[in-house]
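Here's a walk through a two-chain model, written for someone who likes to know what the cut-offs are. Have the viewer open while you read.

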Amino acid sequence: MKKVKHLLTAVSACMLLVVITSCEDILDQSPISEVSDEIFWNTNQDAELGVASIYDAMQRTYRVKHFYWGEFRSDNYVESDQPSGETQAMITNSLTSDYEDALRWNELYTMIFRANIAIEKIPQIPQFNENLLGEAYALRAYAYFDAYRVWGGVPLFKEAALTFDDSSFRPRSTAQEVLDLVLSDLAQADELITTSTSPYRFSKASMLAFKSKIFMFLQRYQDANDALDQLIALNSYSLTKDRVSWRNLFLNDIAFPDQGQEGPELIMSLKYDFEEDGNRASGIYSIFFQGVPSVWISPLVQNKWLKRFPITEEEWMLKYPGVPAHIFTTDPATGNEIPIYGDWRYYETVTEVGSPQDIRVSKYAKTNYSPAEDDTNIVLFRYADMLLLKAEAENQLDHPEIALELLNQVRVSRELPLVNSGTTLDVDINNKVALENFILDERQLELFAEGTRWWDLVRTGKAVEVLGPINGQTEGTIDWPIYFRHLIDNPLLEQNEPY
Amino acid sequence: MGKKIRKHSGTLRNACFFTMFMFLGILGFSTQAQVGTVSGTVSSIDGVPIPGVNVLQKGTTNGVTTDFDGNYTINLTVGSQILVFSYVGFKSEEIAVANKTLVNVSLNEDKEQLDEVVVIGYGSVNKRDVLGSIASVKSEELNESAPVDALGALQGRMAGVQILTNNGPGNSSEIVIRGISTLSGGIGPLYVVDGQQVDDIDNLNPNDIESIDVLKDGASAAIYGSKSANGVVIITTKIGKEGKPKIETSIQTSYSFLSNKVPVSNTIQWNKFLSLRTGSTDNSGTVQDSLGIRSQLVVDIQDLIQQMGLKTQVNVGVSGGSETSRFYWNTGFLNEEGIIIGSGFKRINTTLKLDFDISKVISAGTRLTGSYQGQEGLFEGAVFRELSYRQPDVLIYDFDGSFIRERFARANPVARALLSTNDNRQFRGSSFNYINFQLTPSLSFKTTLGVNYNNQKLNQFRPSQTVDAVNGRINGQEITRLSYDMQNENYFSYDHKFNGGHSVTGLLGLSIQKWEQENTTLRALGFNNDYIQTFNNVSEFDVSRTGSEWFRHSLSSVYARATYDYQRKYLLGATFRRDGSSRFGSNKLWGNFPSVSAGWRISNENFMKSFDFLSEFKLRASYAITGNERIGNYLNQALYGPGYFYDGINGFAPFQLGNADLGWEETAQQNYGIDLAFFNRRLMLTVDGYIKTTTELLYDRPIPEETGFSTIIGNIGSVENKGIDIEVRGTPIKTEDFSWSSSFNISFNKNKVLELADDDGFEPTNGGYLVEVGESLGNMYGFKNLGVFRYDQSNAYNDAGVRLTPNFDANNTFVNYTLNGQEYTGNINQLKFGNRLLGGGDAIWEDQNGDFVIDQEADRTIIGNGLPDFIGGWRNSFEYKNFSLSFLINFSFGNDIYRGYDHTRDKAANAVFAPGPDRIDGAWVNQGDIAEYPSLESSRFQNRTGFDSKYVSQGDFIKLQNVRLGYTIPNETFTFMDSFSLDLIVNNLLTFTNYEGYNPELGYQGDALRPGWDDLRYPNKTEIILSLKAQF
């Protein structure tokens, strides 16, 4: 018995020893298919990969929000006979904190988080790529600028935190603080970015475009005008001059293989690729053209368009006597060419699908396909947009004749008659307000379904004026509500007043 | 009679003697001529007297039982002068009296009599000495329903053990032991097969199983430390017995069919819906083109996809052994066609088990298994969900007999079931070896080495007929999951019975376990054609999702156990295990898991002597801390991974935040039990009460999304399960020809969340539920439906939120409001949803915060709970001569089901969904309608959103789970066989339930927080099985 006890003690002591020395090693399992923070961020190649992931978050953030935020609360759309709660709420000015697709900011903050890390880590890389750091600043500015436009003040996260603790709960900063960060990031990006142009990433050119948008929003017209002048002076972009080229700026439809999403006007787009980004990468098709749409194009816009550029020969000739049509169709019976009057942008943008009310945006897709396969790029900055912004700026800076020139530059490229060339006066260019409204209307038509109209109305202070009669828009509800789950998850957050 | 039954087995033989004695003894056939008196004491081999031993004069009905001190006195009658001593748990002894007057007997414990032994971790104990709560099922009962998976066969047979079957062929069942005590995915227990730890037992042939013991209480399970918090299921497989080799074969053929259908809308209802959703009041359901084929053609998709399911199970086993070796070799084959076209399951498995006694000291053994299982699965969403809301006027077949192709993401359920591939195949192998050194009679050392290997292949393919008509592409994916693990254990066992009735056991060991998993995914966006479905025929790969991953995980442990008992009267036990897991943070790498238990067999006390009828009375108590380490690997570290593509660059980003404090879930469990047996164990009652408190719950806790992340895994809270398990077993009748035995179990469990990171709780991913402090898990969360406003004027409340009654005159013109019969002239408040004032035909949702605005933020409440209040089963078996009949009833009460599928279609979130028939027929149309459902007008957005108590159903059910009628052909008939039996089995014969879906029984499918969510899964089936068994 005693022997056994000794043996037992000895063996168990050995066993314990083995456990204590070797088992700690057994438990040290480092990941194989992932890497830790210490290993990453060593080279500019790492920085390249890190910055790509910010754009990746941007893709997810803006796939529908670019449009929801940019124009669904404007006068561009009405509810269809199958409205969805969310689009209905935006169109009818009845937003509450319930609506996830428009209000949830998780992906926006993922974009900010990834930018924060890049901004902190890239400078630690020996001989780091400044351009990449600049892009990270630009991306963060982009995200916070939208947060500023949408909600006003939001919680500010500027540092790379890979842990979760009490400091992860933050109250909303003031709108001014958010804006200050945007402007300082903008300055940083401006300094660092060296690439002159790039169709899908921030470059010197897209920075100018981005800056001019921000300055216009802040009504800093001189600054905006300066940035726009620099952009034009790059001589890298020009307006498309015919229907097909214009269509091809936006088109992404398998019925038109190998066409679209290219052209001299595109300064920067958010690129989607089905192979890389998977199902429903982009939300454009499902918002604008899908089988049973929740919204239709507003008849008000349709009428505005047709009034400006009539599509019947009779009305056209009444307004623009002697101005020939630029597009034609072939009469199947006789083989003769029949002229089509009006604005060809209208035919490219608006399509009647089912009932006469069922008019949809056909700018991106003209035929039905599976929304899962949608990888339509989102145009963020476009040359025509910039020229029309400049027209606005010049008008504000009391140069209406330059504004008119810019408007006409766009009109000529669209093969349309010049402003005020018709039998009825379009606008009194010496009336600053009237000219502003006229430019905004021109923008509405040119930039329809590009996520600009609501911001145009907000930044010019016309949201209540234009939308009040339509849906009872008030000043108070121009800011959007904060998604209710954010308020639940973070008790420090306070909802915007009217909600 | 003795002769006939003796051939069956020792167990039966003993039982027969016992029975005979019982029957005759109790009924008092005892007046016979006396020829002498014999007395003596019966004790166990270690000298402890055994009360209640049956002493019988062989060949007669004359018998007595030993008293409390093991003494007996029997008056012999004419006939055989041999006494038979029998007692459950011991080998019977036959002793010739030969004119002796004193016959003292010591009985050997019968180790083979498995009924009485319970396997626990690293050893076994006599069932009567169990201090924890252990439920056991033996082979015979397990195979009563001719099951495909062993777990499914346990349903209703064990108190406190909930089994949820997932109906599709090859879908494994789920087991929940004593409630949900985790928030993350791992609700399942640990499985230990002959000492080898495994994650599941899907590949096990139920025919190979000798017994299943479920360790329910903490103290029993605690020896498995960090893997034991959800209980431990110990499986012992069969082994050969000494004697000439035996061949056992069985063939089982089963026919099964769909138990019930779910209601779906027809074309008239669909037309009605199309009209009503525009706001029209035309509910005639007619259309202009009423003779068109789309209106005329009625197809019942459920008829098209159902079929008679056919299942064949064949089993051939050889077993035998010599004095020093034993073997068991069994091969099983199973082929099952599901009750839905395109679903099926195949399994082939073989097990070889060998044991050798190499010398008196060394014994060794091995178990080798190999199995193939192939499941032909369905895309349940594209088949079942689709058929529930498919537009009835969209045809299935085109005029030329081909399938109508998918359009606008509306799948053709028949084409998808029939033509698309969703296969899950597993090629598994395992080897488990041991060497045991019997160092002294009391002390042994055992070393084991186990290896599991599993190569799983998941193949999905959608041929051209099943993809979108216009721009669909033939696509598919293949996932290969290669996983293997190694387990090495070394332990000393000590077992000694000292003089004076003291017995001591001890255990000390250590183990190392390692798991590896390698996953490879191939995905194709397009194939060239349907001809070749392998990935050499790809036209375009899905670059972003084609790739591979590799994970590792390891666990290192030391463990010990000691038990002590005195005369089997006072029993004590304690265990301890220390585990280290690679899954946890540097601050929480190691965890300690202790347990203590104690038992008092009152029936062995002297003062209990007079209570003869009480054969057993034992009190038990135990306390333990167990753990759960089942979360993903590397979750404690902040990690970067690729996969964030932009413009041709495969970007890197952090995908999780670090948490160095990530640690175990700990469950402290108290268990109090009482074991009672009456009338010589003819009636047995076991009651166990428990309180299980799990702390440090692991969960992906929602965090402010401003951090860039939605969740972080952490130890966030605490949940409690309290309950009672009751089990009654008995043999009310036992005669020579007829016996009836019955067992009933019922268990009550109450769940409560004690603590969370956020006091106001959180909503699990996918919604519809709320986890909240002070409430049970499984609470459904949504709007409380109070009906439908009849008139626009019906939406009227006083300031206190009491609804006013609108009154109308004969022309249906509004007159005034009344409140409690009095005219009301005060302030009138009206409910709004969003900015919309509600009116006639809108759903009335309870305004929880009294602000007259219905919103998600403040007006949702608890509308049901998916966890049952009590569950249980009742089994009866009858034997009459060569016939046997058994049936099993299984029940569950108090659980609610959220009809997710009904919700989805009725809310018509997608404009092409067809709502259910009662939704359409019961919709409000005109002012004043008394309607069950609100208006279908699609612009009334409230009626199309939100989780709604209207979709909560009671999930109570009573199921006649299994009926088995058996006949054993008398031995004389076929002399070349040892036995031959024939059984007719019906599974799932009847279900009594108010639930209208396919099946009120819903597995968790990995989501512990959303019990009772029915998104329409593979339907329930009724199964008729014919079984033949022969032994040579």
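## The barrel span and its strands

In chain B, residues 412-820 are 63% strand and 2% helix, and the C-alpha atoms at the two ends of the span sit 55 Å apart. Helices (H or I, at least four residues) and strands (E, at least two) are DSSP runs, numbered from the N terminus. An unreviewed UniProt entry labels residues 412-820 of chain B "domain: TonB-dependent receptor-like beta-barrel". UniProt positions follow the numbering used here, feature names are shortened, and annotations may be inferred rather than shown by experiment.

Keep in mind that this is a predicted model: local features need pLDDT of at least 70, side-chain atom pairs count only at pLDDT 80 or more, and totals for chains, interfaces and linings use all residues. Residues are numbered from 1 along each chain as its sequence is written, chains are lettered from A and ligands numbered from 1 in the order in which they are written, and side-chain values use heavy atoms, with hydrogens and water left out.

Inside that span, strand E37 (residues 718-734) of chain B runs antiparallel to strand E38 (residues 738-755) of chain B, with 15 bridges between them. Two strands count as paired if DSSP finds at least two bridges between them. E37(B) and E38(B) make a hairpin with three residues in between, and B:Lys734 faces B:Ser739 of E38(B) across the pair. E38(B) is also joined by eleven bridges to strand E49 (residues 870-880) of chain B, again antiparallel. There, B:Ser747 has B:Ile871 of E49(B) as its bridge partner.

## Two open sheets in chain B

Chain B also has open sheets, and here they are side by side.

| Strand order | Strands | Pairing | Average twist between neighbours |
|---|---|---|---|
| E3-E2-E5-E6 (chain B) | four strands | antiparallel | 20 degrees |
| E10-E15-E16-E13-E14 (chain B) | five strands | mixed | 20 degrees |

For the twist, axes are lines fitted to C-alpha atoms (for helices, over the stretch in contact), and angles run from 0 to 180 degrees between N-to-C directions. In the sheet of five strands, direction is ignored.

Which strands are at the edges of the sheet of four? Strand E3 (63-65) and strand E6 (93-96) of chain B each have a single partner strand, so one side of each has no neighbour in the sheet. Strand E5 (residues 82-86) of chain B pairs with E6(B) over four bridges in the antiparallel sense, and B:Leu83 sits opposite B:Ile95 of E6(B).

In the sheet of five, strand E10 (134-138) and strand E14 (196-198) of chain B are the edges, each pairing on one side only. E10(B) is antiparallel to strand E15 (residues 209-215) of chain B over five bridges, and B:Ala135 has B:Val214 as its bridge partner in E15(B).

## Over to chain A

UniProt (unreviewed entry) puts "domain: SusD-like N-terminal" at residues 42-215 of chain A. That stretch is 61% helix and 2% strand, with its end C-alpha atoms 37 Å apart. The feature "domain: RagB/SusD" comes from an unreviewed entry too, at residues 361-469 of chain A; this span is 52% helix and 6% strand, and its end C-alpha atoms are 24 Å apart.

Helix H13 (residues 299-308) of chain A packs on helix H18 (residues 432-446) of chain A at about 105 degrees, axes 11 Å apart. H13(A) and H18(A) are therefore roughly perpendicular (65 to 115 degrees; under 35 is roughly parallel, over 145 roughly antiparallel and the rest oblique). A:Val301, A:Lys304, A:Trp305 and A:Arg308 of H13(A) meet A:Phe438, A:Asp441, A:Glu442, A:Gln444 and A:Leu445 of H18(A), where contact means heavy atoms within 4.5 Å.

## How far to trust it

The model scores ipTM 0.91 and pTM 0.83. Chain B averages a pLDDT of 88, and 95% of its residues score at least 70; pLDDT is the predictor's confidence in each residue, from 0 to 100. Residues 1-33 of chain B stay under 50. Where pLDDT is low, the predicted coordinates should not be read in detail.
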